[in-house]
Amino acid sequence: MDGDIFKIGDLELGSRLIVGTGKYSSVEVMQAAHEASGAAMVTVAIRRINLDDRQGRTLLDFVDRSRYAILPNTAGCYTAKDAVLTAQLARELLQTDLVKLEVIGDAQTLHPDTRATLEAAEELVNDGFIVLPYIGDDPIACKALEEIGCAAVMPLAAPIGSGLGVCNPYSIRIIKERAGIPVIVDAGVGTASDAAIAMELGVDALLMNTGIAAAADPVRMARAMKHAVVAGREAFLAGRMPKRLYANASSPMQDLISSRTT
């Protein structure tokens, strides 16, 4: 889409779909799904990288860093301190200031701990990180994270891995309307229609993992998500017709009557 540029900080991306690396049946399926998705950015959970491979390989060796920007994330952290330490480790390992900040507050729902997320975000921003925080669909928390200096906010659509779709589109719309930074919907997207609906709300991008990796055919689902993100973005930019309670004829009767009398 000419002139419709997606940027995070100084990084310009050619796709509004960000994909993950977890839950795939094999690294070969993961690589094929990444290719089919058209994504330009891939997120990796730093705390879940296996360093015990006998050949010295890690998950990072199966992601083409010349093609994909790597977004390390702090998944698995339950305190601000652990999240900050994990982000610092990621910066040393990957030589990037980018970080997707996750501080989980509840092990069952995997909802974020808002207070700890704000605390960690402020410390990381002050340390020069480009922070993309995962947060609830709370307009107040999202605005506070923007004021701290985060490069984007990542409100959930639904609980991580639930596939429930956009549970509260009204909150997402409010977040986007008030934001002066990119809004990236993260978590809960289960299929292509969910992705299109989220993008039609006007958000800047989507991040998804389980919706692709847990599909019966992850590669085909990745391709579907690619098209859905583009379609949803185009529909938002086009501006949908207004909803009406009653019918409105596609061929106005007035024009038909006029043509009969001439």
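These legends accompany an overview and several close-up views of a predicted model.

**Figure 1. The protein chain as a whole, with its nine helices and 10 strands.** Let's start with the broad picture before zooming in. The C-alpha trace spans about 85 × 40 × 35 Å along its principal axes. Of the 262 residues in the protein chain, 47% are buried. Taking contacts between residues at least 6 apart in sequence, 66% join residues at least 24 apart. The accessible surface comes to about 13,500 Å², and carbon and sulfur atoms account for 50% of that area. As for charge, the chain carries 25 positive and 32 negative side chains, with 6 Å between the centres of the two sets.

**Figure 2. The largest nonpolar core, a set of 63 residues.** Val-131, Leu-206 and Ile-212 have the most contacts inside this core. Helix α2, which covers residues 80-94, gives the most to the core, with six residues. A second core, separate from this one, has 15 residues; among them are Ile-8, Ile-18, Met-154 and Ile-184.

**Figure 3. Val-131 and its contacts from elsewhere in the sequence.** Here we zoom in on one residue of the largest core, with its neighbours within four places in sequence left aside. Val-131 is in contact with Val-99 and Leu-101, and also with Ala-121, Leu-124 and Val-125. Cys-150, Ala-151 and Ala-152 complete the list of its contacts.

**Figure 4. Helix α6 and the elements that its buried residues pack against.** Helix α6 runs over residues 192-200. Its buried residues include four alanines, Ala-192, Ala-195, Ala-196 and Ala-198, together with Asp-194 and Met-199. The partners in this packing are β10 (205-208) and α8 (218-238). Just after α6 comes Gly-202, a residue that takes a positive phi of about 100°.

**Figure 5. Arg-91 with two acidic partners, Asp-97 and Asp-127.** Side chains of opposite charge can pair when their charged atoms come close. In the salt bridge between Arg-91 and Asp-97, the N to O distance is 3.3 Å. Arg-91 also forms a salt bridge with Asp-127, where the closest N and O atoms are 2.8 Å apart. Because Arg-91 lies in helix α2 and Asp-127 in the loop between α3 (114-126) and β7 (130-135), this pair ties together parts that are 36 residues apart in sequence. Both aspartates count as partly exposed: Asp-97 has a relative accessibility of 31%, and Asp-127 has a relative accessible area of 35%.

**Figure 6. A salt bridge within helix α4, between Lys-143 and Glu-146.** Their side chains meet at 3.2 Å, N to O. The two residues are three apart in helix α4 (residues 139-148), about one turn of the helix. Which of these two side chains belongs to a buried residue, and which to a partly exposed one? Glu-146 is buried, because its relative accessible area of 19% falls under the 20% cut-off. Lys-143, at 29%, is partly exposed.

**Figure 7. A network of salt bridges that links Asp-4, Arg-16 and Arg-233.** This last view brings together one acidic residue, Asp-4, and two arginines, Arg-16 and Arg-233. For context, the structure holds nine salt bridges.

Notes:
Residues numbered from 1 in each chain as written. Predicted model: local features only at pLDDT ≥ 70, side-chain atom pairs only at ≥ 80, totals over all residues. Heavy atoms only, no water. Core = buried A, V, L, I, M, F, W, Y, C linked by side-chain atoms within 4.5 Å. Buried < 20%, exposed > 50% of the residue type's maximum accessible area, 1.4 Å probe, protein only. Contact = heavy atoms within 4.5 Å. Salt bridge = Lys/Arg side-chain N within 4 Å of Asp/Glu carboxyl O. Areas by Shrake-Rupley, 256 points an atom, 1.4 Å probe, with all protein chains shown as cover. Lys, Arg positive; Asp, Glu negative; His and termini not counted. Charge placed at Lys NZ, Arg CZ, Asp CG, Glu CD.
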